[in-house]
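Shall we walk through how the pieces of this protein pack together? Have a look at the structure, and then we can take it question by question.

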Amino acid sequence: MADKPVRDDKATAVAELTEQFRGSSATVLTEYRGLTVAQLKTLRRSLGRETTYAVAKNTLAKRAATDAGISGLDDLFSGPTALAFVGGDPVDAAKSLRDFAKANPQLIIKGGVFEGKAINADEVRRLADLESREVLLAKLAGAMKGNLSKAAALFQAPLSKAARTVQALVDQREKEAGGAAE
């Protein structure tokens, strides 16, 4: 009878982790061995409100990942594992984890999940090297605006050239008419 409540708790924990795997845009697996509680608190704050950072039991997290339809993470579930479930921009979360790991070498990025596929630690670092979504959208908008300005100038050029030609003809006729009158 003592085992029954524990199993219910485990089933509930697996269900919660499965929902977090399914509901997050990305998940990053880390090893936090050697970090203090204060450092973990700082890490959670640096990740922002849209990312939750939770310590999970490897067997439960492995089962939850399998239940969520994610494969390829089994090797990463060894040692003390914490999961960063990203609800917002994965690039921002990856940057926060990378920067925290630089300042605190005890944090080791093991790998993660991005767009439903398992990725290794190097791919998480490459994701962190990308510019944020807002910056990329701003660059795209600037490029589009520049191309539109070029197109407008291109379409306007024949009209302005025609106007200059007509004005030159008018000036020439006036000059000839003025020269003839003298």
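Q: Which residues of α5 do P90, V91, A94, K95 and R98 in α4 meet?
A: This is a predicted model, so the contacts here are computed from predicted coordinates. The contact between α4 and α5 divides into six nonpolar, no polar and three charged residues. On the α5 side, the residues met by that α4 group are V124, L127, A128 and D129.

Q: How are α4 and α5 oriented to each other: roughly parallel or roughly perpendicular?
A: Helix α4 covers residues 90-103 and helix α5 covers residues 121-129; their axes come within 7 Å and cross at roughly 110°. The crossing in which α4 passes α5 is left-handed. Angles of 65 to 115 degrees count as roughly perpendicular, therefore the two helices are roughly perpendicular.

Q: And what about α2 and α4: are they roughly parallel or roughly antiparallel?
A: Their axes come within 9 Å and cross at roughly 150°, and the crossing is right-handed. Angles over 145 degrees count as roughly antiparallel. Therefore α2 and α4 are roughly antiparallel.

Q: How many residues in the contact of α2 with α4 are charged?
A: From α2 come Q39, T42, L43, S46 and L47, and from α4 come A93, S96, L97 and F100. These divide into five nonpolar and four polar residues, and the number of charged ones is no residue at all: none.

Q: Which element gives the largest share of the largest nonpolar core?
A: In soluble globular proteins, nonpolar side chains tend to be buried together. Here the largest nonpolar core has 20 residues, and L43, Y53, L97 and L107 have the most contacts inside it. The elements giving two or more residues to this core are α2 (37-47), β3 (81-86), α4 and α5. The largest share, five residues, comes from α4.

Q: Which residues is Y53 in contact with, leaving aside its neighbours within four places in sequence?
A: Y53 is among the residues with the most contacts inside the largest nonpolar core. Leaving those sequence neighbours aside, the contacts of Y53 are T30, Y32, L40, L43, R44, L47, A82, L83, A84 and L107.

Q: Which residue other than glycine has a positive phi near 55°?
A: Most residues other than glycine have a negative phi. The residue in question is in the loop between β4 (108-114) and β5 (117-120). At 62% relative accessibility, over the 50% cut-off, this residue counts as exposed. Its phi is near 55°, and its name is E115.

Note on methods. Residues are numbered from 1 along each chain as its sequence is written. This is a predicted model: local features need pLDDT of at least 70, side-chain atom pairs count only at pLDDT 80 or more; totals for chains, interfaces and linings use all residues. Side-chain values use heavy atoms; hydrogens and water are left out. Helices (H or I, at least four residues) and strands (E, at least two) are DSSP runs, numbered from the N terminus. Buried means under 20% relative accessible area, exposed over 50%, partly exposed in between (1.4 Å probe, protein chains only). Axes are lines fitted to C-alpha atoms, for helices over the stretch in contact, and angles run from 0 to 180 degrees between N-to-C directions. Angles under 35 degrees count as roughly parallel, over 145 as roughly antiparallel, 65 to 115 as roughly perpendicular and the rest as oblique. A crossing is left-handed if the near helix is turned anticlockwise from the far one by less than a right angle, and right-handed if clockwise. Contact means heavy atoms within 4.5 Å. Ala, Val, Leu, Ile, Met, Phe, Trp, Tyr, Cys and Pro count as nonpolar, Asp, Glu, Lys and Arg as charged, and the others, Gly among them, as polar. A nonpolar core is a set of buried Ala, Val, Leu, Ile, Met, Phe, Trp, Tyr and Cys residues joined through side-chain atoms within 4.5 Å.
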